[in-house]
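Q: Got a minute to go through this one with me? I'd like the fold, the cysteines and the nonpolar parts.

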Amino acid sequence: MATPKWVIPGLVIACLLVVLLLLQFDPNRAGNPLPPCPFHWLTGLYCPGCGATRALHALLHGNLQKALSMNPVFVLALPIVALLFAAQCMTLPSVFLRVTRIFSDARPWAWLLIGFAVLRNMPWYPFSLLAPG
């Protein structure tokens with residue numbers, strides 16, 4: 001099935017809007033227009049995505065250490081997701097195709113995210129380091 005022609009420009013525009021929003025507003029400050037995580041708001045638990053907005057904000061401002069403290073899985077997965085997206089949009093050299101085949105299997109990602117969600121909600125050291133902040 002072919003990707004509709006509007007999808008890639010739409011994703012690029014959406015990414016640019018997110019970047020502009022995060023450059024303008026600090027999600028760490030009270031009263032910002034960015035919504036809180038609905039899962040955390042409802043349950044008090046951290047989901048695998050909690051801290052991703054603050055991590056992306058920190059990355060856009062050049063603070064890798066703070067970004068990793070907010071959500072290390074999100075930060076480390078960004079280059080992999082970019083590579084997988086590039087593989088869908090264009091022809092990549094064969095060395096990248098082997099890598100994309102490995103990372104495109106959803107099963108390890110599911111186990112990683114479930115494990116990360118469980119571990120980051122445990123109150124004991126070193127698991128408490130996985131909580132955002």
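A: Let's start with a term: buried means under 20% relative accessible area. The model is predicted.

Q: OK, what share of the residues counts as buried?
A: In the protein chain, 20% of the 133 residues do.

Q: And how many helices and strands are there?
A: Seven helices and zero strands. From the N terminus the order reads α-α-α-α-α-α-α.

Q: What box do the C-alpha atoms fill?
A: Roughly 45 × 35 × 30 Å, along the principal axes.

Q: What about contacts between residues at least 6 apart in sequence: what share joins residues at least 24 apart?
A: That share is 47% in the protein chain.

Q: How much surface does the chain expose?
A: About 9500 Å². Carbon and sulfur atoms supply 72% of that area.

Q: Switching to cysteines. How many disulfides turn up in the whole structure?
A: Zero. Cys-37 is in none, and its nearest cysteine sulfur belongs to Cys-50, 3.3 Å away. Cys-47 is in none either; for Cys-47 the nearest cysteine sulfur is again that of Cys-50, at 3.6 Å.

Q: Why doesn't the 3.3 Å pair of Cys-37 and Cys-50 count as a disulfide?
A: Because a disulfide needs the sulfur atoms within 2.5 Å, and the sulfur of Cys-50 is 3.3 Å from that of Cys-37.

Q: Is Cys-47 buried or exposed?
A: Cys-47 counts as buried because its relative accessibility is 17%. Cys-37 has 25%, so Cys-37 is partly exposed.

Q: Now the inside. Which residues make the largest nonpolar core?
A: Five of them: Ala-55, Ala-58, Ala-67, Met-70 and Val-75. Helix H3 (52–60) and helix H4 (64–70) are the elements that give two or more residues to this core.

Q: What does Ala-55 touch, leaving aside neighbours within four places in sequence?
A: Ala-55 is in contact with Ala-67, Met-70, Asn-71, Phe-74 and Val-75. Of these contacts, Ala-67, Met-70 and Val-75 are also members of the core.

Q: Is there a general trend behind a core like that?
A: In soluble globular proteins, nonpolar side chains tend to be buried together.

Q: Then which residues make the nonpolar patch on the surface?
A: Ile-8, Leu-11, Val-12, Leu-16 and Phe-85, over about 410 Å². Helix H1 (residues 7–24) gives the largest share, four residues.

Q: And where does Phe-85 sit?
A: In helix H5 (residues 72–89).

Q: Why can Phe-85 be in a patch at all?
A: Patch residues need over 30% relative accessible area, and Phe-85 has 37%, so Phe-85 passes that cut-off. At that value Phe-85 counts as partly exposed.

Methods:
Residues numbered from 1 in each chain as written. Predicted model: local features only at pLDDT ≥ 70, side-chain atom pairs only at ≥ 80, totals over all residues. Heavy atoms only, no water. Patch = residues over 30% accessible without salt bridge, like charges linked within 9 Å, V, L, I, M, F, W, Y side chains within 5 Å. Areas by Shrake-Rupley, 256 points an atom, 1.4 Å probe, with all protein chains shown as cover. Salt bridge = Lys/Arg side-chain N within 4 Å of Asp/Glu carboxyl O. Buried < 20%, exposed > 50% of the residue type's maximum accessible area, 1.4 Å probe, protein only. Contact = heavy atoms within 4.5 Å. Core = buried A, V, L, I, M, F, W, Y, C linked by side-chain atoms within 4.5 Å.
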